[in-house]
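Work through the exercises below with the model open in a viewer. Try each task before reading its solution.

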Amino acid sequence: MVQLTTHGNNPTINGIDPALKPRLRRRSASEYAAWAVCILLAAGILVSVSTNPNFQWNVVAKYFTDESILHGLVLTIVLTVVSMVLGTLLGLIIAIMRCSSIKPVAATAGVYITFFRGTPVLVQLIFWFNIAALYPNLSIGGIAIDVNALITPLMAAVIGLTLNEAAYMAEIIRGGFSSVAKGQIEAADSLGMSSAMKMRKVIIPQAMPSIIPATGNQVIGMFKETSLVSVLGVAELLQSAQLIYARTYETIPLLIVASLWYLVMTLVLSYPQSQLEKRYSRSASRLPRKAKRAVLTDSEGIAR
């Protein structure tokens, strides 16, 4: 039984405003056909991959939890965490410099961002690995430093990934700063806040909803980008797989092992990223449902 009532000038059905009920979309025949094609295609690929003996799934299962593979996975995670933390801190400094009203400071930050975003990461990694060819010895405060001994493959990987990531994080953070309403900054100025306090208390907290989701994407990208350090001989995940198939000549199965671990870790990292996006995104589609549907009315039922 359907009961039609009114609240002010707004009619309701069973006490529910029809405007607030979700609309049902009728599926067309083309949509069902598209689903059928996708299912058949996925099934064909699955059957082909699972029945093709050249994939050597028994070898994949054998090496998936191999000690050297797991060691490389741990090193990949460590490289990702260290490079992201250092890159974010350095990116914050560069973003503040980029927003500075002092032209030389802002120009220096701009040159840094342009250079590291404009050159390939692989080239940067190889450059830092061979930096001793340019500066074999350094002297800091009277202390002589052997650059060739200092810049190990792992150190070169951390330096290269950190400096490159800092350039991207600087732009992400600067974009977050730009999202802060100008009135908030003017209010902070009217309260007599110093530049450091204004940055710490007003700008950074309000910029976080824009910064955090993009940073989640960068973490996932960094995890996959660590595969490039294999050219330096760092025994991360891909290099560990390469060392095994160089000995056993089982190239495809070992590449599948590395790919599966990258896929698994990407899925693991994607979940907290999606949760952060839901929590911090400012788009209207991510507002609480009650807030989106709320309609303020006066005593006569007219929307205000």
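Two residues are in contact when heavy atoms of theirs lie within 4.5 Å. The coordinates come from a predicted model.

**Exercise 1. Contacts of E250**

Task: Place E250 in the fold, then list its contacts beyond four places in sequence.

Solution:
- Step 1. E250 sits in the loop that joins helix 10 and helix 11.
- Step 2. Apply the contact cut-off, within 4.5 Å between heavy atoms. With neighbours within four places in sequence set aside, E250 contacts Q56, V59, Y63 and Y245.
- Step 3. Check the accessibility. The value for E250 is 22%, so E250 is partly exposed.
- Step 4. Add a long-range pair. E250 and V60 are 190 residues apart in sequence, yet their C-alpha atoms are 9.6 Å apart.

**Exercise 2. L254 in helix 11**

Task: Is L254 buried or exposed, and which residues does it touch beyond four places in sequence?

Solution:
- Step 1. Locate L254: it belongs to helix 11.
- Step 2. Read its relative accessible area, 0%. The cut-off for buried is under 20%, so L254 is buried.
- Step 3. List the contacts, neighbours within four places left aside: Y63, I69, A241, I244 and Y245.
- Step 4. Take the C-alpha distance to Y63. L254 and Y63 are 7.3 Å apart in space and 191 residues apart in sequence.
- Step 5. Compare the contact lists. Y63 and Y245 appear for L254, and Y63 and Y245 also appear for E250.

**Exercise 3. Positive phi outside glycine**

Task: Where do Q56 and Y249 lie, and what are their phi values?

Solution:
- Step 1. Q56 has phi near 55 degrees, positive although the residue is not glycine.
- Step 2. Q56 is placed in the loop between helix 1 (29-51) and helix 2 (57-64).
- Step 3. Y249 has a positive phi of about 65 degrees, and Y249 is not a glycine either.
- Step 4. Y249 lies in the loop between helix 10 and helix 11 (251-280).
- Step 5. Classify both. Q56 has a relative accessible area of 31% and is therefore partly exposed. Y249 reaches 70%, so Y249 counts as exposed.

**Exercise 4. Two serines**

Task: Give the location and the accessibility class of S227 and S274.

Solution:
- Step 1. S227 is in the loop between helix 9 (195-225) and helix 10 (237-248).
- Step 2. Its relative accessible area is 19%, so S227 is buried.
- Step 3. Residues up to four places away do not count here. S227 then touches E236, L238 and Y262.
- Step 4. S274 is part of helix 11. With 24% relative accessible area, S274 is partly exposed.
- Step 5. Pair S274 with N217. The two are 57 residues apart along the chain, and their C-alpha atoms are separated by 9.8 Å.

**Exercise 5. Helix 7 and its partners**

Task: At what angles does helix 7 pack with helix 3 and with helix 4?

Solution:
- Step 1. Recall the description. Two packed helices are described by the angle between their axes and by the distance between those axes.
- Step 2. Helix 3 (residues 67-98) meets helix 7 (residues 153-178) at about 45 degrees, with axes 5 Å apart. The pair is therefore oblique.
- Step 3. Helix 3 and helix 7 cross in a right-handed sense. Their contact residues split into 20 nonpolar, five polar and three charged.
- Step 4. Helix 4 (residues 103-118) packs with helix 7 at about 120 degrees, with axes 9 Å apart. Helix 4 is therefore oblique to helix 7.
- Step 5. The crossing of helix 4 and helix 7 is left-handed. Helix 4 contributes Y112, I113, F116 and R117; helix 7 contributes L163, N164, A166, A167, Y168, A170 and E171.
- Step 6. Sort this contact by class: eight nonpolar, one polar and two charged residues.

**Exercise 6. The whole chain**

Task: How many helices and strands does the chain have, and what share of its residues counts as buried?

Solution:
- Step 1. The chain holds twelve helices and four strands.
- Step 2. Buried residues make up 30% of the 304 in the chain.
- Step 3. The chain exposes about 19,300 Å², and carbon and sulfur atoms supply 65% of that area.
- Step 4. Take contacts with a separation of 6 or more. Residues 24 or more positions apart account for 69% of them.

How values were computed: Residues are numbered from 1 along each chain as its sequence is written. This is a predicted model: local features need pLDDT of at least 70, side-chain atom pairs count only at pLDDT 80 or more; totals for chains, interfaces and linings use all residues. Side-chain values use heavy atoms; hydrogens and water are left out. Axes are lines fitted to C-alpha atoms, for helices over the stretch in contact, and angles run from 0 to 180 degrees between N-to-C directions. Angles under 35 degrees count as roughly parallel, over 145 as roughly antiparallel, 65 to 115 as roughly perpendicular and the rest as oblique. A crossing is left-handed if the near helix is turned anticlockwise from the far one by less than a right angle, and right-handed if clockwise. Ala, Val, Leu, Ile, Met, Phe, Trp, Tyr, Cys and Pro count as nonpolar, Asp, Glu, Lys and Arg as charged, and the others, Gly among them, as polar. Buried means under 20% relative accessible area, exposed over 50%, partly exposed in between (1.4 Å probe, protein chains only). Accessible areas come from the Shrake-Rupley method with a 1.4 Å probe; for residues, only the protein chains shown count as cover.
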